[in-house]
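I opened my notebook for a structure that is new to me. Come along while I jot down what I look up.

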Amino acid sequence: MSKKLTQDFWQALDNDKVVMLSLHGANHHAIPMTAMTDKDANGAIWFFTSRDNRIAQGGTAMAQFVSKGHDIFACISGTLTPEMDTAIRDRFWSNMVQAWFPNGKDDPNLLMLRFDLGDAEIWQPDLGIVGT
């Protein structure tokens, strides 16, 4: 995978943020989740969720991403684990997250998951005269 394509993916994910996420082997459809990205994280994405969400158990997972302009497509596998570092939770906390968890960072139902990337396939279509 080219360095430029990888950079384009991370930029698109940082701008668009929504992925469809599912656990491997689960008999459930993927769900939309907001990705929290850090350019210095070296292959990790974070998600705020509730402890009763079907992805809360963690484990091997798959995320699909399509940028808003449909110029980047990606399928990413990795592992979801609880993020216990409160400094990371604090760094990604925002008004948007607060809207989902009005009891704040100490809400007992709040769970932050870290998605450590295993591998990925990233596509960038050629939108020229021939098509994609």
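My entries go from the whole chain to one residue.

**Entry: the model.** I note at the start that this is a predicted model.

**Entry: the fold.** I looked up the secondary structure and found three helices and seven strands. Following the sequence, I wrote down the order as α-β-β-β-β-β-β-α-α-β. The radius of gyration is 15 Å, and the globule rule gives 14 Å for 132 residues, so I call the chain as compact as a globular protein of that length. I also boxed the C-alpha atoms along the principal axes and got roughly 55 × 30 × 25 Å.

**Entry: inside and outside.** I see that 39% of the 132 residues are buried. For contacts with a separation of 6 or more, I find that 68% join residues 24 or more positions apart. The accessible surface is about 7,900 Å², and carbon and sulfur atoms hold 52% of that surface.

**Entry: charges.** I have 11 positive and 16 negative charges in the chain, and their mean positions lie 3 Å apart.

**Entry: Asp 107.** Where does Asp 107 sit? I found Asp 107 in the loop between helix 3 (95–100) and strand 7 (110–123). Is Asp 107 buried or exposed? Its relative accessible area is 12%, and buried means under 20%, so I list Asp 107 as buried. A polar atom of the Asp 107 side chain lies 2.8 Å from the backbone nitrogen of Asn 109. I then looked across to Ser 50, which is 57 residues from Asp 107 in sequence. In space, Asp 107 and Ser 50 are 9.4 Å apart, C-alpha to C-alpha.

Methods. Residues are numbered from 1 along each chain as its sequence is written. This is a predicted model: local features need pLDDT of at least 70, side-chain atom pairs count only at pLDDT 80 or more; totals for chains, interfaces and linings use all residues. Side-chain values use heavy atoms; hydrogens and water are left out. Helices (H or I, at least four residues) and strands (E, at least two) are DSSP runs, numbered from the N terminus. The radius of gyration is taken over C-alpha atoms; the globule rule is 2.2 Å times the number of residues to the power 0.38. Buried means under 20% relative accessible area, exposed over 50%, partly exposed in between (1.4 Å probe, protein chains only). Contact means heavy atoms within 4.5 Å. Accessible areas come from the Shrake-Rupley method with a 1.4 Å probe; for residues, only the protein chains shown count as cover. Lys and Arg count as positive and Asp and Glu as negative; His and the chain ends are not counted. The place of a charge is taken as NZ of Lys, CZ of Arg, CG of Asp or CD of Glu. A polar contact is a pair of N or O atoms within 3.5 Å; within protein, one must be able to donate a hydrogen and the other to accept it, and residues adjacent in sequence count only if both atoms are side-chain atoms.
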